[in-house]
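Trainee: Got a minute to go through this model with me?
Mentor: Yes, put it up.

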Amino acid sequence: MLRKLYDWVFVQARSRHATKVMAVVSFTESSFFPIPPDVMLAPMVLARPDRAYFYATVCTIASVLGALLGYAIGYFLEPVGMWVLTVLGKADTFEASRALFQEHGAWVILVKGLTPIPFKLITIASGIFQFSLPLFIALCALTRGARFFLVAFVLKRWGPPMLAAIEKRLATFTLIGILAVVAVVVAVKLL
């Protein structure tokens, strides 16, 4: 079923409604949908490199709005949020996640927002743990924007060969991205 959904999203990237569908996918992925918007963003940028940053902007705005829905699910509908976490196989780590969030909440959002880890886990948990809403919004905009604009930049600049390299070494590129974020935050704190 997941593969069929993935294929459907990829086909939508070529439709005349691709931008609208990508916005919906980006919105819902931040709160409950299993497929990341990158699946649509990448082929859309490859097809229309001149619109790369427009597509990244649409993804970012929709993702942040979807993150607010995920936050609201956790904050106002905690039992529903816990059910989603259970379905995703993450309810058993709830207490460990609570401790991690209380100590390093901003870092959790920053790091997880850049990775392929389902963002809905972070948005729902942020609501359940009542993380600061203004800081949550700022961190979501930063991390999701960085992710989508990086995808747009790389594909616009280097195109299909770079996409193949990224897909082949996704874990390595994710680690590099995390290290870059940590290095920037440490540098800012030291200045």
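**Helix contact and pocket**

Mentor: Helix α2 (residues 18-29) and helix α3 (residues 38-47) have axes that come within 9 Å and cross at roughly 150°. Axes are lines fitted to C-alpha atoms, for helices over the stretch in contact, with angles from 0 to 180 degrees between N-to-C directions. Helices are DSSP runs of H or I, at least four residues, numbered from the N terminus.
Trainee: So how are α2 and α3 oriented to each other?
Mentor: Roughly antiparallel, a label for angles over 145 degrees.
Trainee: Which residues meet?
Mentor: Ala18, Thr19, Val21, Met22 and Val25 in α2 meet Met40, Leu41 and Met44 in α3, with contact meaning heavy atoms within 4.5 Å. That contact divides into seven nonpolar residues, one polar and no charged. Nonpolar covers Ala, Val, Leu, Ile, Met, Phe, Trp, Tyr, Cys and Pro; charged is Asp, Glu, Lys and Arg; the others, Gly among them, are polar.
Trainee: Is this predicted, and what was counted?
Mentor: It is a predicted model: local features need pLDDT of at least 70 and side-chain atom pairs pLDDT 80 or more, while totals for chains, interfaces and linings use all residues. Residues are numbered from 1 along each chain as its sequence is written, and side-chain values use heavy atoms, leaving out hydrogens and water.
Trainee: New topic: which element gives the largest share of the lining of the second largest pocket?
Mentor: α6, with six residues. By class, that lining has ten nonpolar, two polar and two charged residues. A pocket is an open set of 1 Å grid points where a 1.4 Å probe fits, with protein on both sides within 12 Å along at least five of seven lines; lining residues have an atom within 4 Å of a point.

Key: Helix = DSSP H or I, 4+ residues; strand = E, 2+ residues; numbered from the N terminus. Parallel < 35°, antiparallel > 145°, perpendicular 65-115°, else oblique.
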